[in-house]
Amino acid sequence: MEWVKQCKLPACEAIQYNGQSCHEMDNLWNTLHNTYNLASGREVDLCVLDPLPTLQERDWPLFSALELTDALVSCSSRSSTGPDHIMWVHLKVVLESHKAIQILLDLANACICVGHWPKHFKDSILVIIPKPGKPSYSTPKSFRPIVLLKTIGKLIKKMISLDMIKFDLVHPNQVGGVCQRSTEDAGLFLTHLVFTGWAKGKKASVVAFDITQFFPSLNHAMLLAILQKQGFSFIVTKFFASY
């Protein structure tokens, strides 16, 4: 029988960086850090935002119980937990209580109103996982980092994402983790446009840009300047700076 035969161990490869194999933990850490944060710390020219109009300052509406429950419903019970080891299924049971919902809403709204994201929610676990189907795993780009955050902080983040979409502050295909806002949905949308063009007897071309490690290398000063251009108040901008 197949299961009584000797188990065939998977092949192991050392990650190569600048022509050197990473056999020590310090070398591996520096390799991954330099790969995923390659553009961090670079200066940016904020003058590119000058031609854009500065929108009128808007108020940030307080979170509601409906927004909290809507964000909670879309959370998968199979997702990995963060440092607090609280699963979504646990949180769904706790938030069946109206009192618990109100406490969490008070916390979320207080964070926005004072412009501060507590240090407690910044604790995370970084996991490096291999990308599926790669012929070789000797390069750092064959892996990707995922960050496991604390569950309550993730729920507040989901409420913020829903508000950003509701008020049309981001592109409709921008935010992942929300229904019909994933990478797969963007691919389906692009495929639909191509097939629509073919049906009309036209040819379709696609221009792709490599934005590898865009989000880990996002310049915070540029992000805050964009928020100010979009009419966010000083307190809200301060919150995102703290976040």
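These legends describe close-up views of one predicted model.

Residues are numbered from 1 along each chain as its sequence is written. Because the model is predicted, local features need pLDDT of at least 70 and side-chain atom pairs count only at pLDDT 80 or more, while totals for chains, interfaces and linings use all residues, and side-chain values use heavy atoms, with hydrogens and water left out.

**Figure 1. The whole chain holds 8 helices and 4 strands.**
Helices (H or I, at least four residues) and strands (E, at least two) are DSSP runs, numbered from the N terminus. Along the sequence the pattern reads β-β-α-α-α-α-β-β-α-α-α-α. The chain has 243 residues, and 27% of them are buried. Buried means under 20% relative accessible area, exposed means over 50%, and partly exposed lies in between (1.4 Å probe, protein chains only). The chain exposes about 17300 Å². Carbon and sulfur atoms supply 61% of that area. Accessible areas come from the Shrake-Rupley method with a 1.4 Å probe; for residues, only the protein chains shown count as cover. Of the contacts between residues at least 6 apart in sequence, 66% join residues at least 24 apart. A contact means heavy atoms within 4.5 Å.

**Figure 2. Aspartate 123 and lysine 150 meet in a salt bridge.**
The structure holds 1 salt bridge. The term means a side-chain nitrogen of Lys or Arg within 4 Å of a carboxyl oxygen of Asp or Glu. Here the N to O distance is 3.5 Å. Aspartate 123 sits in the loop between H4 and E3, and lysine 150 in the loop between E4 and H5, so the pair ties together parts that are 27 residues apart in sequence. Aspartate 123 is partly exposed, at 37% relative accessibility. Lysine 150 is buried, at 9%.

**Figure 3. Lysine 150 also makes a polar contact with histidine 120.**
The two side chains come to 3.1 Å. A polar contact is a pair of N or O atoms within 3.5 Å; within protein, one must be able to donate a hydrogen and the other to accept it, and residues adjacent in sequence count only if both atoms are side-chain atoms. Lysine 150 follows strand E4 (143-149), in the loop that leads to H5. Leaving out residues up to four places away in sequence, lysine 150 touches Pro83, Asp84, His120 and Asp123.

**Figure 4. Threonine 151 lies in helix H5.**
Threonine 151 is buried, with a relative accessible area of 3%. Neighbours within four places in sequence aside, threonine 151 contacts Asp84, Ile86, Trp88 and Leu91.

**Figure 5. Helix H8 (residues 234-242) has a buried set of residues.**
The set is Val236, Thr237, Phe239, Phe240 and Ser242. Their cover includes helix H4 (98-114), helix H5 (151-166) and helix H7 (220-229).

**Figure 6. Trp29, Leu126, Ile128 and Val147 make a nonpolar surface patch.**
The patch covers about 390 Å². Patches are made of residues with over 30% relative accessible area and no salt bridge: like charges are joined within 9 Å, nonpolar side chains (Val, Leu, Ile, Met, Phe, Trp, Tyr) within 5 Å. Leucine 126 belongs to strand E3 (residues 124-130). Leucine 126 is partly exposed, at 48% relative accessibility.

**Figure 7. The structure holds 0 disulfides.**
Cysteine 111 is in no disulfide. The nearest cysteine sulfur is that of cysteine 113, 9.4 Å away. A disulfide is a pair of cysteine sulfur atoms within 2.5 Å. Cysteine 111 is buried, with a relative accessible area of 4%. Cysteine 47 is partly exposed, at 47%.

**Figure 8. Asparagine 18 and histidine 85 are not glycines, yet asparagine 18 has a positive phi, and so has histidine 85.**
Most residues other than glycine have a negative phi. For asparagine 18 the angle is about 55°. Asparagine 18 is in the loop between strand E1 (16-17) and strand E2 (20-21). Asparagine 18 is exposed, with a relative accessible area of 66%. For histidine 85 the angle is about 60°. Histidine 85 is in the loop between helix H2 (65-73) and helix H3 (88-94). At 58% relative accessibility, histidine 85 is exposed.
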